[in-house]
Amino acid sequence: MWLKTLLVLLFAFFLVGAVTVHRPCACGHEDLSGAEGKHLRLLSWNIGNGDLEQETRAHNDDLPVIAKLILEKDADAIALQELTGEDQLKLLLKQLNNRYRGYVSASGNGDRVDAVLVKKSYGEDKLVFSGVAAAGRFAATATFTFGQDMPQVSLMSAHADAFSAESRRLFVGDVVDWARSRPKNAVTFIAGDFNLEVSTRTRNNLFTNDAKHDSESYSYLLKYFRDLGLNAGETSINDRRIDYIFGPPTAVRLHQAEVLRGAAVGQMDHWPLLVEVSF
């Protein structure tokens, strides 16, 4: 009798274990809600417009909606693309109730700029903004420390050429060179609109002139970084995943990666990508 009782108890124990075992989440993020360590929330968003008959850069009328989403999501650092310039950034910072500091890159050979924003609470004395030249373009970067005994963090906001895969490959090379030059104890993230066509679902796309070059560029990025938004889905309204946040393959744990569909207003043709990691 005691043997049967023991077998019943063992069966019940294994049954409970099978029910409560952790299952991977299929919704674009890992369930690390109980993860220890300080969390960092990064947002990347191309806030330009897709209406080719009008101004395709960011519209001032859209800035209140952009600011509202940033505040609601409590992003620690933000990478934006396709702003018109520094004056527009100042308007956005005002909409953000001056809770962030920001920087825009030079325009290079284009008519639009990239921007990075960082919470003011992380301290101005440890915040450094700079521009990085890459294949005739300029990216915006911010380096900051967001907590005591935490590693230095560098975030780049980048925007690769929309129509030339060869230019994108050169751009990626320069961007990775910059990232590899960062101090070894720094944690580096690269965010932005890379326009890479690497989807296996869409094998032919009018937006690229060389899918092979795009695959090479993406593979080169993955040699040094982790594609944190890999499972979050498409980032533009025409079913393309062209906006990325790349982070270190180790040193951080991915807590969440989500494309905020429905956030675009007016003629905006990209959705923001939100990533949360823990150290």
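Here is a short conversation about two pockets and one arginine in a predicted model.

Trainee: Happy to start with the open space. What is the volume of the largest pocket?

Mentor: Good place to begin! The lining of this pocket takes in 33 residues, and strand 4 (113-119) and strand 6 (137-144) are the elements that each give two or more of them. The volume of the largest pocket comes to about 690 Å³.

Trainee: Which residues lie nearest the centre of the largest pocket?

Mentor: Let's look at the lining by class before we go to the middle. It has 10 nonpolar, 14 polar and nine charged residues. Nearest the centre of the largest pocket lie E82, R112, H159, A162 and F163.

Trainee: Thanks! How many nonpolar residues are in the lining of the second largest pocket?

Mentor: The second largest pocket holds about 280 Å³ of space, and its lining has 14 residues, with A179, R180, P183, A186 and T188 nearest the centre. Helix 4 (165-180) and strand 8 (187-193) are the elements giving two or more residues to that lining. By class, two of the lining residues are polar and three are charged, while the nonpolar ones number nine.

Trainee: Now for R101. Which residue has its backbone oxygen 3.2 Å from a polar atom of the R101 side chain?

Mentor: Nice one to trace in the structure. R101 sits in strand 3 (residues 100-104), and its contacts beyond four places in sequence include V116, L117, V118, K120 and G123. A polar contact needs N or O atoms within 3.5 Å. The partner whose backbone oxygen lies 3.2 Å from a polar atom of the R101 side chain is K120.

Definitions and conventions: Residues numbered from 1 in each chain as written. Predicted model: local features only at pLDDT ≥ 70, side-chain atom pairs only at ≥ 80, totals over all residues. Heavy atoms only, no water. 1 Å grid on protein atoms, 1.4 Å probe; cavity = no way out; pocket = protein on both sides within 12 Å on 5 of 7 lines; lining within 4 Å. Points joined across faces, edges and corners; volume = space filled by probe spheres on them. Helix = DSSP H or I, 4+ residues; strand = E, 2+ residues; numbered from the N terminus. Nonpolar A, V, L, I, M, F, W, Y, C, P; charged D, E, K, R; others polar. Contact = heavy atoms within 4.5 Å. Polar contact = N/O pair within 3.5 Å; in protein donor to acceptor, adjacent residues only side chain to side chain.
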